[in-house]
Amino acid sequence: MTSTTFQRARSAEAKRAREAAILDAARHLASERGIREITLTDVADAVGMHKSALLRYFETREEIFLRLTADGWREWGPALRAELARDDSPTPSSVASAYARTLAARGPFCDLLAHAPLNLERNVSVEAVRTFKLVTHDELEQIVAATRTALPALPEAAATDVVATAVALAGAFWQIATPGEEVLALYRSDPRLGHALVDVEPRLAGILTRLLRGSLPGHDDGPAGG
């Protein structure tokens, strides 16, 4: 579709389809280049409309990506819960590994998690933030419940902290693990900078394992991340 062929959506169904096309375009661009690099004009060009036309559907660039972050929560939550449900003998390390594995496999979602509190929630309407927070609240409740089903002795507050820690660190570690090509080459070329090379999944699994063990008095199921 090009800007010359774009027609404004006239019905509610057509509007939903246009919004979905915009979100799909933004999702694809972000997975290729990272959220930081994508402008509203980039998204508009990808769906074949002028930026002013796109603003009829989303108030800002940030609203588009905040919607994608909510979609990411809706996709990650069920995937994590399915992983936890398949674990016949859950331990702190196996639960931590499920968190780390499912997050590390979703790089674009980790990218969104880092940007959401920094800027995506700061250039949108209060109603857009409210809608987003209600999605994360619903997913959080279900993830906490699934985590406590796996580890019944885990207090609810501790389970909530595990989720908060997991998503915060996944977002931060993903940014560290995906620098520009020149910076990545620098890290690899100098042994003194090896600490800057982060492998998201094992690092996250180790930290979450220790957090879970510390929240279960007297529990020890072996080395962290094992």
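Which residues does Glu139 touch, not counting residues up to four places away in sequence? In this predicted model, local features need pLDDT of at least 70 and side-chain atom pairs count only at pLDDT 80 or more, while totals for chains, interfaces and linings use all residues. Residues are numbered from 1 along each chain as its sequence is written, and side-chain values use heavy atoms, with hydrogens and water left out.

The chain contains 10 helices and zero strands (DSSP runs numbered from the N terminus, helices being H or I of at least four residues and strands E of at least two). Its C-alpha atoms fill a box of roughly 65 × 45 × 30 Å along the principal axes. Of the 226 residues, 44% count as buried (under 20% relative accessible area, with a 1.4 Å probe and protein chains only). Among contacts (heavy atoms within 4.5 Å) with a separation of 6 or more, 68% come from residues 24 or more positions apart.

Glu139 lies in helix α7, which spans residues 126-150. With a relative accessibility of 8%, Glu139 counts as buried. Outside the excluded stretch of up to four places in sequence, Glu139 touches Trp73, Arg74, Gly77, Pro78 and Arg81. With Arg81, the side chain of Glu139 also makes a side-chain polar contact at 3.0 Å (a pair of N or O atoms within 3.5 Å; within protein, one must be able to donate a hydrogen and the other to accept it, and residues adjacent in sequence count only if both atoms are side-chain atoms).

Technical notes:
Buried < 20%, exposed > 50% of the residue type's maximum accessible area, 1.4 Å probe, protein only.
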